[in-house]
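Q: Hi! Got a minute to look through a model with me? I'd like to talk about rings first and strands afterwards.

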Amino acid sequence: MVRGNPSRSDTLFSSPTTRPTMVRVGILGATGAVGQRLVQLLDPHPEFEIAALTASGDSAGKSYGEAAKWGLDFPVPDSVADITVVETDAESIPDDVPLLFSSLPSSVGAAVEPGLAEAGYVVSSNSSNARMAGDVPLVIPEVNADHVGLIEVQRDERGWDGALLKNPNCSTITMVPPLAALDEFGLERVTVSTLQAVSGAGYSGVTSMQILDNVLPHIGGEEEKMETESRKLLGEFDGAEVALHGAEVSASCNRVPTLDGHLENVWADTREDVTAEAAAEAIAAFPSADLPSSPDPLIEVFEDPERPQPRLDRMRGDGMAVTAGGIQETGGGVQFNCLAHNTLRGAAGASVLNGELLLREGYL
């Protein structure tokens, strides 16, 4: 039995007979794994229209259909197949594309994203660079939408007409919504062990000889991201800065031979006593956001202790929901398992959600 409403239909968005004025958007790093997921989510989007696609110099000048080594289980959408890929710089991207979704490698993002924001573009980025910068919002709209106000601080300090907004790491985004629900009991310490899918490493990130019949007990930089980003996401924004949440967070990250879906085992110690039933109710009741890509419910809670499972549950809410289960009382709080689709909810979908938030809050 699952607590909460049924997941939505197989398609994220219906096709309205009349579409409102669309915001023209670009995708940075459009040929990569997350870039392709962005194409998947933005092609039918009710508010955004894909107008620019960027990639490396090797791909620039080619049509997207030629440049992308397409890895999804449906053809390249007709609406983007013939778009000419351009290089990732302000001179190559049209001026009438106010919003850019970035799936660039972090080293490339660090080099080009600030220049694009300075040039007037608003960048909703999945890249890991600058997530912990003091004036860069790190946002999950259902958890800390108010942190988007940090853009005002950013613009004042940097003199930008545009802006830079980040979504968190794919493993962080899986556990933070349930933790936010449990924070009403006074979250004090979090320990997490992850079982992360191979798609999180990109198409060429893990070879079959490494991962088949195996588990890799280390993912470089992943543990630090979970330990710091979660505290920023759960922190308080006072209009000038974000104070990190006081909970201690410890992470152990492992790569396992599943294709998509990060499964995590979480221990949450709380100041107040909390029963498994109270924890389940709080997690299941944690609200969604009034945005097109936010699923309702945001978190689906299983009573079956054998769920969630990646193969069965990663596409809940069209891949945008978090699922939780195995909730048990411990000496200091509760233990639970949680799961999210790492390239949809954990990457491309998170950036799209942030783009929707930027539009709603008037930053475009």
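A: Happy to. This is a predicted model, and a good place to start is Tyr64, which is buried, as is Trp70.

Q: How do the rings of Tyr64 and Trp70 sit, in distance and angle?
A: They make an edge-to-face aromatic pair, with 6.2 Å centre to centre and 80 degrees between the planes.

Q: And which kind of pair do Trp70 and Phe74 form?
A: That pair is edge-to-face too: the planes of Trp70 and Phe74 are 75 degrees apart, and the centres 5.8 Å. Ring pairs thus link Tyr64, Trp70 and Phe74 into a cluster.

Q: Is Phe74 buried, exposed or partly exposed, and why?
A: Phe74 counts as partly exposed because its relative accessibility is 27%, while buried would mean under 20%.

Q: How many aromatic pairs does the structure hold?
A: There are 3 aromatic pairs in the structure.

Q: Okay, strands now. Why is S14 described as largely enclosed?
A: Strand S14 covers residues 322-329, and 6 of its 8 residues are buried, so the rest of the structure largely encloses it.

Q: In which sense does S13 pair with S14?
A: Parallel, over 3 bridges; S13 is made of residues 299-302. Val301 stands opposite Ala324 in S14.

Q: What about S14 and S15, parallel or antiparallel?
A: Antiparallel, over 5 bridges, with S15 spanning residues 333-340. Here Gln328 has Gln335 of S15 opposite.

Q: What joins S14 to S15?
A: A hairpin does, through 3 residues.

How values were computed: Residues are numbered from 1 along each chain as its sequence is written. This is a predicted model: local features need pLDDT of at least 70, side-chain atom pairs count only at pLDDT 80 or more; totals for chains, interfaces and linings use all residues. Side-chain values use heavy atoms; hydrogens and water are left out. Rings of Phe, Tyr and Trp (its six-membered ring) pair if their centres lie within 6.5 Å; planes under 30 degrees apart count as stacked, over 60 as edge-to-face and the rest as tilted. Buried means under 20% relative accessible area, exposed over 50%, partly exposed in between (1.4 Å probe, protein chains only). Helices (H or I, at least four residues) and strands (E, at least two) are DSSP runs, numbered from the N terminus. Two strands pair if DSSP finds at least two bridges between them.
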